[in-house]
Amino acid sequence: MKKIILFLIIILFSNTANADIYEVTCPNINITENESLLNKVTGMNFISKKIIETAIEKEINEELNSKANADLKIYSVKKLKNGEFKGLKLKSEQIKYKALSLSNFEAETICQYNKVIFKNTRIYYPMELPFKYKAEITNNDIQNILTSDEFQKEINHKSIKVNGVKLFTIGTPFVEIKNGYIYFKIPLKTMFAKISISFKADLEVENNKIVLKNITFGSKSNIIDDSMMSDLIDSVNPITYKMEKFKSKFCKIHITKAKIIDDKIETEGIFIINKNYGGEDE
């Protein structure tokens with residue numbers, strides 16, 4: 001019950017409940033080494049940089065079902081051979097992990113010093129790589145979520161019970177972002193009839209959590225009174241839900257800002273590639 005009607009919203013903002021608790025701590029390392037004339041002339045700069053970029057792209061694309069492009073900002077070929085670099089930008093038209101789906105994803109490292117280990121064509125991470133990112137949630141992302149195995153398993157066989165008695169079973173909702181709102185139509189089935197509840201809502205980040213606001217019902221059954229409906233909305237509010245299970249071994253995402261613009265949700269936050277992903281020690 002608690003995860004159904006607004007389960008979609010919860011998925012979209014998977015780690016919002018702890019968004020700003022995570023603080024990025026950058027290494028206190030300042031490197032001013034410049035590229036040598038020889039490296040500039042021979043193009044070693046470009047070749048070494050491209051090898052690492054390609055390895056990073058391959059890994060991210062496999063982990064997040066994407067077609068990401070990586071762009072490294074390096075200190076020098078010498079430092080890059082040791083895995084040290086100044087910055088990394090990532091771009092992908094879409095990333096997907098389980099039920100999470102984001103479009104027009106862009107990320108850039110926060111720290112001015114970063115390090116990876118490149119070994120046997122693989123990338124390892126002796127330290128966390130934190131990025132600031134922005135992305136969109138579109139109606140196409142909505143459909144990806146609705147049809148995901150995770151959502152379908154969650155929605156299957158769910159019901160509303162009152163005093164232990166099954167009152168309704170809940171079907172897959174219709175959800176659409178348009179005109180600056182999120183629209184829901186929730187199919188409910190009783191022993192005697194099929195009904196639906198429809199409403200629209202805006203959202204905001206409040207105390208580091210995403211909450212629905214300005215909920216307006218288009219239709220609701222007379223069987224469900226206002227107090228029950230209010231309790232229902234409150235019980236599924238993302239403010240009470242932590243999506244720890246949606247953190248992958250590769251990365252985690254903290255969403256700190258979210259706003260509906262026309263037919264999409266614009267988000268910002270922190271994207272972190274986990275330390276020691278791949279098993280290589282520092």
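This passage walks through the overall fold of a predicted model, then its open sheet, and finally the surroundings of E84.

The protein chain is built from seven helices and 16 strands. Of its 282 residues, 47% count as buried. The surface that the chain exposes comes to about 14,800 Å², with carbon and sulfur atoms supplying 48% of that area. Among contacts with a separation of 6 or more, 60% come from residues 24 or more positions apart.

Turning to the sheet, six strands line up in the order β1-β3-β4-β8-β16-β15 to form an open, antiparallel arrangement. Its edges are β1 (69-73) and β15 (251-261), each of which pairs on one side only. On average, neighbouring strands here are turned by 20° against each other, direction ignored. Within this sheet, β4 (residues 100-109) and β8 (residues 129-137) pair in the antiparallel sense over five bridges, and S103 stands opposite E136 in β8. Helix α5 (residues 139-146) packs on the sheet, where it touches β3 (87-97), β4 and β8; the direction of α5 makes about 120° with that of β4.

A closer look at E84 is a helpful way to end. This residue belongs to strand β2 (residues 84-85). With a relative accessible area of 9%, E84 counts as buried because that value falls under the 20% cut-off. The E84 side chain makes a polar contact of 2.6 Å with the side chain of Y113, and another of 3.0 Å with that of N82. Leaving aside residues up to four places away in sequence, E84 touches I31, Y75, K79, Y113, N114 and K115. Y113 therefore appears both as a polar partner of E84 and in this list of touching residues.

Methods: Residues numbered from 1 in each chain as written. Predicted model: local features only at pLDDT ≥ 70, side-chain atom pairs only at ≥ 80, totals over all residues. Heavy atoms only, no water. Helix = DSSP H or I, 4+ residues; strand = E, 2+ residues; numbered from the N terminus. Buried < 20%, exposed > 50% of the residue type's maximum accessible area, 1.4 Å probe, protein only. Polar contact = N/O pair within 3.5 Å; in protein donor to acceptor, adjacent residues only side chain to side chain. Contact = heavy atoms within 4.5 Å. Areas by Shrake-Rupley, 256 points an atom, 1.4 Å probe, with all protein chains shown as cover. Pairing = 2+ DSSP bridges. Axes fitted to C-alpha atoms, helices over the stretch in contact; angles between N-to-C directions.
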